Amino acid sequence: MNTLLKKLPLLLIAIGAILLSSCDIEPVSPVNPNASELEVQVYGAISGAPREGIRVSLHASEYDARNNINPLAGYAWTDIDGFVYFYGLPPNEQYHIRAKALLVKSIRTTNYLNRGYNFQAVPIL
């Protein structure tokens, strides 16, 4: 009995290794594979440097973007490298990106998004 208790941890490790090796583990993506994701980078129009802390929103129309109404995915703020990400967007759609700094704004229209990854650069003063 005492010998069995000493070998129990090794036995449990062996059983766990066998169970894990026999499982087909596939990575699960939190993003719908049929959807689009949009990576936006905001940078200084003159300096070319990434702009951190810029509020970015997506809109269905240029009118909505210019008037800052009806953002499709709420607001996001750029990170230290000037990036912000939007996930789960319907593909084959065009969006209007509004980047708003303290006193200036920049509006850019995307191409029609492909399924998966898309990128848009947005210059701002």
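Is Glu62 buried, partly exposed or exposed in this structure, and what is its relative accessibility? In the predicted model examined here, Glu62 has a relative accessibility of 37% and therefore counts as partly exposed, since that class covers values between the 20% limit for buried residues and the 50% limit for exposed ones. Glu62 forms a salt bridge with Arg66, in which the closest N and O atoms are 2.9 Å apart, and the count of salt bridges in the model comes to one. Both Glu62 and Arg66 belong to helix H2, which covers residues 62-67, and the four residues that separate them correspond to about one turn of the helix. Arg66, with a relative accessible area of 43%, is likewise partly exposed. Side chains of opposite charge can pair when their charged atoms come close.

The strands were examined next. One open sheet contains four strands in the order E3-E2-E5-E6, and its pairing is antiparallel. E3 and strand E6 (105-109) are the edge strands of this sheet, each of them pairing on one side only, and from one strand to the next the twist averages 25°. Strands of a sheet pair through backbone hydrogen bonds, either parallel or antiparallel. E2 and E3 run antiparallel and are joined by three bridges, whereas the antiparallel pairing of E5 with E6 extends over five bridges. E5 and E6 also form a hairpin, with four residues between the two strands, and within this pair His96 stands opposite Thr109 of E6.

Ser57 offers a view of this sheet from strand E2 (residues 55-59), in which it is found. The bridge partner of Ser57 in E3 is Tyr75, and Tyr75 also appears among the contacts of Ser57 beyond its neighbours within four places in sequence, together with Asn68, Pro71, Gly74, Phe86, His96, Ile97 and Arg98. With a relative accessible area of 1%, Ser57 is buried, because this value falls under the 20% limit. The side chain of Ser57 nevertheless has a polar partner, as it makes a polar contact of 2.8 Å with the side chain of His59.

A second open sheet is formed by three strands in the order E4-E1-E7, and here the pairing is mixed. Its edge strands are E4 and E7, each pairing on one side only, and neighbouring strands are turned against each other by 20° on average, direction ignored. E1 and E4 pair in the antiparallel sense over five bridges, and the bridge partner of Val40 in E4 is Val84. In a regular strand the side chains alternate between the two faces of the sheet.

Val40 is also a member of the largest nonpolar core, which comprises 17 residues and in which Leu38, Val40, Val42, Val56 and Phe86 touch the most other members. At least two residues of this core are supplied by each of strand E1 (36-44), E2, E4, strand E5 (96-100) and strand E7 (116-124). When neighbours within four places in sequence are left aside, Val40 is in contact with Val56, Gly82, Phe83, Val84, Phe86, Ile97, Gln120 and Val122.

Two loop residues complete the description. Thr78 lies in the loop between strand E3 (75-77) and strand E4 (83-89), yet it is buried, with a relative accessible area of 6%. A polar atom of the Thr78 side chain lies 2.7 Å from the backbone oxygen of Arg51, and the side chain of Thr78 also reaches the backbone nitrogen of Gly53, at 2.9 Å. Arg51 and Gly53 recur among the residues that Thr78 touches when those up to four places away in sequence are not counted, a list that also includes Val42, Glu52, Ile54, Val56, Phe83 and Val84.

Ala45, by contrast, is placed in the loop between E1 and E2 and is partly exposed, with a relative accessible area of 44%. Although Ala45 and Val122 are 77 residues apart along the chain, their C-alpha atoms are separated by 8.5 Å. Not counting residues up to four places away in sequence, Ala45 touches Pro123, Ile124 and Leu125.

Terms used. Residues numbered from 1 in each chain as written. Predicted model: local features only at pLDDT ≥ 70, side-chain atom pairs only at ≥ 80, totals over all residues. Heavy atoms only, no water. Buried < 20%, exposed > 50% of the residue type's maximum accessible area, 1.4 Å probe, protein only. Polar contact = N/O pair within 3.5 Å; in protein donor to acceptor, adjacent residues only side chain to side chain. Contact = heavy atoms within 4.5 Å. Pairing = 2+ DSSP bridges. Axes fitted to C-alpha atoms, helices over the stretch in contact; angles between N-to-C directions. Salt bridge = Lys/Arg side-chain N within 4 Å of Asp/Glu carboxyl O. Core = buried A, V, L, I, M, F, W, Y, C linked by side-chain atoms within 4.5 Å.
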